[in-house]
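Got your viewer open and ready? Let's take a walk through this structure, one selection at a time.

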Amino acid sequence: MTKLMETRTVRVGDVLIGSGHPIVVQTMCNTHTADVAATVAQCRRLAAVGSQLIRITVPSLSDVPALQQIHDTLREEGIQTPLVADIHFSAEVAMAVVPVVEKIRINPGNFHPDHEKARQLFGQFLEKCKQYNRAIRIGLNHGSLGKYIVEKYGNTPQAMALAAMEWVEMCMDAQFFNVVVSLKASNTVVMVQAYRELARLMQEKGVVFPLHVGVTEAGNGDSGRIKSCVAISTLLSEGIGNTIRVSLTEDPANEIPVAQYLARRYGPVIPSEASVSLSARETALLKAACDWGAPLLNHEVDDIPLEDEYLKDEILQACRRRFYKPEYIACPGCGRTLYDLENTFNKVKAATAGFKDVVIAVMGCIVNGPGEMADADYGYVGEGAGKVTLYRKKDPVLRHIPEDEAVDKLVELITADRAE
Ligand code: SF4
């Protein structure tokens, strides 16, 4: 068990997050929020397998009544798991969900293109959260830092931490302390450095908020699990991290046993009575990723003595020490996803497995997908209505392609670029 970096305690409903408490395991629904029955059913399942917080996207004001219904139905059924509203861009939606759920995740920098205006809106949001005694997560992701931040600080782990500190300091000035912070990235090196830097900066300020730790767009299968484990375990082994999410492009229930493994390995006590057991193979895979993540990411070793060559390749790639296949970035999907992300991602992986030294992103929506796929060379982004846009770096190069042609077009695009 690791001694956690000392933090404040944040209350989210009945759940306490911070160094004096067990590591909290959480996930996010991938149903459409407007589909109340499907979202309630998924929340029931997630609570039953041990998710201690459940996040739900709220794409627009018109989804707020559905969020209220989901919340009320769960409480009527006796399910007390706190809900977290996931808000992108709209301060108006952020304000509207404060009376509805226990916690709100926002990136305040995206509240308004004008930075001063964004600060003003964030100040108003904090006042409302104080009034309702809510918790918030300031969630900044690599790749969606916003123009102002990138121009001011650059696009580095240090920039991510400095950008977060601006909002953290505003919370301190407003005497609002029910705050959790996250700095996710799909690149494990960037992610680890960003959290370390943020922890250092908060310690310097003398107010340390709990950290929500995770690798964003980690993908699926063994690779997604290993990528999450190498980075999250590195931070937890240093005492950094109070709540975790293992993002997988799969059924969100599959994330929980992996997160519970991590929480048990590094946390003060077993996080939840509800738990799902892992197979012997999965346990061995997670153990190896946790054993070797920190030594590889910290460059304490250059190779690892594993006989299983596949596992060795996967761990080395997750730590960005050796690339044996394309690097895949895929969001976990949420209520904004407008196509069958999981199957499409598997098709993209199968069709592109032969390429080397390339980063391919598969993202669920056109609203956040392009911004979030920070390091990708190519992006497959669902537009909805059966259409896809393909990206080369940040540029959309083929728009409105029918879904059933898009994987082939992606392969053609990469092949043509390589022939040049
Ligand atoms: S990129 Fe993926 S996870 Fe992020 S908002 Fe869009 S669909 Fe949801």
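Start by selecting helix α6. A word before you zoom in: what you are looking at is a predicted model. In α6, the buried residues are P157, M160, A161, A163, A164, W167, V168 and C171. Look at the numbers in that list, and keep a rule of thumb in mind: an α-helix has 3.6 residues a turn, so residues three or four places apart point the same way.

What covers those buried residues of α6? Switch on the surroundings and you'll find, among the covering elements, α4 (115-132), β7 (135-141), α5 (147-153), β8 (179-184) and α7 (188-205). Now check the helix itself. α6 runs over residues 157-173, 17 residues in total. From its first C-alpha to its last it reaches 24 Å, close to the 24 Å expected at 1.5 Å a residue. Step just past the end of α6 and click on Q175, which takes a positive phi of about 55 degrees.

**Next stop: the eight-stranded sheet**

Two of the strands covering α6, β7 and β8, are part of a bigger picture, so to speak: select the open sheet of eight strands, in the order β8-β7-β6-β5-β4-β3-β10-β9, with parallel pairing. Which strands stand at the edges? They are β8 and β9 (212-213); each has a single partner strand, so one side of each is left without a neighbour in the sheet. Zoom in on the β8 end: β7 and β8 pair in the parallel sense over six bridges. Click on L140 and look across, and you'll see L183 in β8 standing opposite.

While you're in this part of the tour, find V98, in the loop between α3 (91-97) and β6 (103-106). Is V98 buried or exposed? The answer sits in the middle: V98 is partly exposed, with 19 other C-beta atoms within 10 Å. Leaving aside neighbours within four places in sequence, V98 is in contact with I104, K128, C129, Y132 and R134. Try the distance tool too: V98 and Q131 are 33 residues apart in sequence, yet 9.3 Å apart in space, C-alpha to C-alpha.

**A quick detour to a loop**

Select H299, in the loop between α10 (280-297) and α11 (309-318). Its phi is near 60 degrees, a positive value in a residue other than glycine. H299 is exposed, with 9 other C-beta atoms within 10 Å.

**On to the five-stranded sheet**

Now pick out the open sheet of five strands, in the order β11-β12-β13-β14-β15, where the pairing is mixed. β11 (327-330) and β15 stand at the edges, each with a single partner strand, so one side of each is left without a neighbour in the sheet. Neighbouring strands of this sheet are turned by 20 degrees against each other on average, direction ignored.

Follow the chain through two hairpins here. Strand β13 (residues 378-384) and strand β14 (residues 387-392) run antiparallel and are joined by six bridges. Select Y380 and you can find its bridge partner, L390, in β14. Two residues lie between β13 and β14 in this hairpin, and A385 in the turn has a positive phi of about 50 degrees.

Then comes the second hairpin. β14 is joined by five bridges to strand β15 (residues 395-402), again antiparallel. V388 stands opposite I401 in β15, and R392 has D395 as its bridge partner. Two residues separate β14 and β15, and K393 sits in the turn. K393 has a positive phi of about 50 degrees although it is not a glycine. K393 is exposed, with 12 other C-beta atoms within 10 Å.

**The helices on this sheet**

Add helix α12 (residues 341-352), which lies across β11, β12 (359-363) and β13, running at about 160 degrees to β12. Then add helix α14 (residues 403-419): its 17 residues reach 25 Å from the first C-alpha to the last, close to the 24 Å expected at 1.5 Å a residue. Which residues of α14 are buried? They are A406, V407, L410 and I414, and they pack against α12, β13, β14 and β15.

**Last stop: the ligand**

Finally, select the ligand and show what surrounds it: C331, P332, G333, C334, R336, T337, M363, G364, C365, N368, G369 and E372. Colour this shell by type and you get five nonpolar, five polar and two charged residues.

Conventions
Residues are numbered from 1 along each chain as its sequence is written. This is a predicted model: local features need pLDDT of at least 70, side-chain atom pairs count only at pLDDT 80 or more; totals for chains, interfaces and linings use all residues. A residue is near a molecule or strand if its C-beta atom, placed from the backbone, lies within 6 Å of it. Ala, Val, Leu, Ile, Met, Phe, Trp, Tyr, Cys and Pro count as nonpolar, Asp, Glu, Lys and Arg as charged, and the others, Gly among them, as polar. Helices (H or I, at least four residues) and strands (E, at least two) are DSSP runs, numbered from the N terminus. The expected span of a helix is 1.5 Å times one less than its number of residues. A residue is buried if 20 or more other C-beta atoms lie within 10 Å of its own, exposed if 12 or fewer, and partly exposed in between; C-beta atoms are placed from the backbone. Two residues are in contact if their C-beta atoms, placed from the backbone, lie within 7 Å. Two strands pair if DSSP finds at least two bridges between them. Axes are lines fitted to C-alpha atoms, for helices over the stretch in contact, and angles run from 0 to 180 degrees between N-to-C directions.
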